[in-house]
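User: Hello! I would like to learn how to read a protein model, one feature at a time. Could you walk me through this one?

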Amino acid sequence: MHQKVNAVLKKHKTDIAGKDNDFYIRMLTGASSMHYLFNEIYPDDENMFIKLVELVIKAHRERPDDLLKRDGQKAEKADWFLSNQITGMSLYVDRFAGNIRSLSSRLGYLEKLGVNLLHLMPVFESPQGESDGGYAVSDFRKVDKRFGTLNDLKNFRKLLSERGMYLMVDIVLNHTSHKHQWALKAKAGDKKYQDYFYMFGDRTMPDAYEKTMPEVFPESSPGNFTWVPECDKWAMTVFHKYQWDLNYTNPLAFLEMLDNIFFYANLGVDVLRIDAPAFIWKQPGTICMNLPQVHTLLRLIKQCVLIATPGMALLGEAIVEPHELLKYFGTCLYTAKECDFAYNATQMALQWDMLATGDTRVMLASQHELMQKPLGASWITYTRCHDDIGLGYNDDMIRHAGYDPVQHRKFLKDYFSGKYKGSQATGALFSFNPKTGDARISGSLASLCGLEKALKANDPDLIKLAIKKILLMQAHSFFLGGVPMLFYGDEAGYTNDYSYLNDPGKSYDNRWMHRPVIDWSKNKRTGKKGTVEHEIFSGTQKLISIRKKLDLISDRKNLTWLNTNNHQTAAYIRTAENSRFYGIFNFSGRTAGFSTEILAAYGEIPSTIQNHWTGEKLNLQPYPEKWTIEPYGFYLLGT
Ligand code: GLC
């Protein structure tokens, strides 16, 4: 196999002893793994394997000099992406700034906040009205003219690098728009391209799949197949009708998408968000999610990226139950060799669970699984994103906390949709499935924390309370380990935006309620003391700056949950050789007690400690000290 690879390298005039030497070494060390993984999915297809090797060589060849240099710098830092210095934000270019060029002029605002990793929501061409927020891509290499040009994107990336900032974009791996040229050719009857998708002449296979396949958007897009009259076939469409699932049993489809991945890598993308990877392999008789082949494909992608474009980290957007989620970091020989990042969607949802119930037990019951994340890979921690909040954590964990899973989830849905009487939240149910009773939750951070209702009531106490909840949610997730990813607008207290209801291309999808159009006169108030915007912005900014000062917050797998002796508070310790960090959070509307004895149970305690959040020094001696934590209050303590 090495001989074969060497022959391909030679054919392509790779300068193995000179400028391509680093690449050559990576190729030789990674080739067996690449071959093994490829062979698992596409057995005995040596011609295709050679094509894969050629693609990897081409990606290396096309890597611009500045990116080769950047790869070297990142390699020196070893696992650069685990650092406490990185804080991200996801944003829609048009809704945040207009277009890519004007986004440059907003970088100062983001830097002031402390953000240095930008996740641009999909900017590649996507048909208006059938775009799923850009996740229905009709051309993976053409920036949609609404946002600008490919050149604008290249220039923007360079600008980010000059300012020490990182770029994250999506590769929508699972599907294309039905207006992508492959889909257009398939519609026109081209067999080669019909094989890029799952297409069937009658209902036999669709019916077989449907028996076990769940529905992702049961309300707006029920079923998993769509009739295509142009070619008299059914196409698999797991998400919306206009998103056609790619068929990765076909190596040609895989190689084309890998080429697109390399295209993004060579634009200078630092973190590639692989959209919806759980769905990329289908098999009748299964739920067509999280199948073993999904992991093989992701490992293969990781291996190819490691060889050709090693500076790009991979984020797998797998929003799945905890024990499946962990597998996206790789298992066994591939531990920490699959996705470098995954969203900590379980923790995110559990934070909302704690906020609604004032009880931390379900969250704590989930930790034995979440804590198994391997060293060397990391979480994206977040409170909100452009998607809904799913309540897909395990029933067992809910039971462990003493609740009935069905009743518990019903309470959460009622609480966040504002149906529950005592709730301050304004959200809505997303994708309610009448067959199963399942639903997810839409709503902005501020609205779900009660700010929308409080502002409407013009009640200063309720406004204060909502702000406390917002900062508690952010604080708890910022210090957990992993890269915090803010969602644009949350730093300035944006409440739900209902204007999507007037746009037929969006009104069927209430996730648009939490995807605001930024009003820069509102954001300007983030600089004006006494305003709600300033309170939230400056609090968020402070949390980010505390995080950046504390080296031990880097993701070194150094977190232990503490037993606080009550259900209201969650607390963790993060340790390094000579330093300690204690985060203590009261998720309830009642004052909580806290005894320093709890800290002493986890190692020696110093005589005083700094509360980074308030700036005050607290005595830990004489011991034990009894503290109180106000409703929705928190301590960020460091030695
Ligand atoms: C991901 C995206 C979501 C989109 C879906 C289909 O989950 O985050 O917004 O609807 O994939 O592409």
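## Reading the model step by step

User: Where should I begin, and how much of the chain is buried?

Analyst: Begin with the kind of model: this one is predicted. Then look at burial, where a residue counts as buried when under 20% of its relative area is accessible. Of the 639 residues in this chain, 62% count as buried.

User: What does the radius of gyration tell me here?

Analyst: The idea is to compare the chain's value with the one a compact globule would have. For 639 residues that would be near 26 Å, and the chain has 25 Å, so the two agree. For the outline, the C-alpha trace spans about 75 × 55 × 50 Å along its principal axes.

User: How many helices and strands does the chain have?

Analyst: The chain contains 25 helices and 25 strands. To see how the chain is held together, turn to contacts, meaning heavy atoms within 4.5 Å. Among contacts with a separation of 6 or more, 72% are between residues 24 or more positions apart.

User: What can I read from the surface and the charges?

Analyst: For the surface, look at its area and at the atoms that make it up. The accessible surface here comes to about 24500 Å², and carbon and sulfur atoms account for 52% of it. For the charges, compare their mean positions: those of the 76 positive and the 72 negative charges are 3 Å apart.

User: Which domains are assigned, and where are their centres?

Analyst: The domain assignment gives domain 1 as residues 177–245 and domain 2 as residues 558–638. Taken over C-alpha atoms, their centres are separated by 54 Å.

User: Let us try single residues. Is Arg273 buried or exposed?

Analyst: Check the relative accessibility and then place the residue in its element. Arg273 has 1% relative accessibility and therefore counts as buried. Its place is in strand β11, residues 271–275. Setting aside neighbours within four places in sequence, Arg273 has contacts that include His119, Tyr135, Asp170, Glu317, His386 and Asp387. There is also a pairing in space to look for: Arg273 and Gly316 are 43 residues apart along the chain, yet their C-alpha atoms are 6.1 Å apart.

User: His119 caught my eye. Which other residue shown here touches His119?

Analyst: Ser90 touches His119, along with Met121, Met485, Leu486, Phe487 and Tyr488, when residues up to four places away in sequence are not counted. Ser90 belongs to strand β1, residues 88–91. With 4% relative accessibility, Ser90 counts as buried.

User: What would a helix residue look like, say Ala356?

Analyst: The steps are the ones we used for the strands. Ala356 lies in helix α15, residues 345–357, and its 11% relative accessibility means that Ala356 counts as buried. Beyond its sequence neighbours up to four places away, Ala356 touches Phe411, Leu412, Tyr415 and Phe416. From Ala356 to Gln424 there are 68 residues in sequence and 9.7 Å in space, C-alpha to C-alpha.

User: And how does Lys192 in helix α10 read?

Analyst: Helix α10 covers residues 191–194 and holds Lys192. Partly exposed is the class between 20% and 50%. Lys192 counts as partly exposed because its relative accessibility is 41%. Lys192 and Trp182 are 10 residues apart in sequence and 9.0 Å apart in space, C-alpha to C-alpha.

User: Now the backbone. Where are the cis peptide bonds you would show me?

Analyst: Read the omega angle of the bond. The bond from Gln621 to Pro622 is cis, with omega near -5°. Another cis bond joins Tyr623 and Pro624, with omega about 0°. Pro622 sits in the loop between β23 (617–619) and β24 (626–629), and Pro624 is in the loop between β23 and β24 as well.

User: Which residues other than glycine have a positive phi?

Analyst: Here are two cases to inspect. Asp132 has phi near 50°, and Ala336 has phi of about 60°. Asp132 is found in the loop between β3 (124–125) and β4 (139–143), while Ala336 is in the loop between α14 (322–325) and β13 (341–343). At 10% relative accessibility Asp132 counts as buried, whereas Ala336, at 23%, counts as partly exposed.

Methods: Residues numbered from 1 in each chain as written. Predicted model: local features only at pLDDT ≥ 70, side-chain atom pairs only at ≥ 80, totals over all residues. Heavy atoms only, no water. Helix = DSSP H or I, 4+ residues; strand = E, 2+ residues; numbered from the N terminus. Rg over C-alpha atoms; globule rule 2.2 N^0.38 Å. Buried < 20%, exposed > 50% of the residue type's maximum accessible area, 1.4 Å probe, protein only. Areas by Shrake-Rupley, 256 points an atom, 1.4 Å probe, with all protein chains shown as cover. Lys, Arg positive; Asp, Glu negative; His and termini not counted. Charge placed at Lys NZ, Arg CZ, Asp CG, Glu CD. Domains from an automatic or database assignment.
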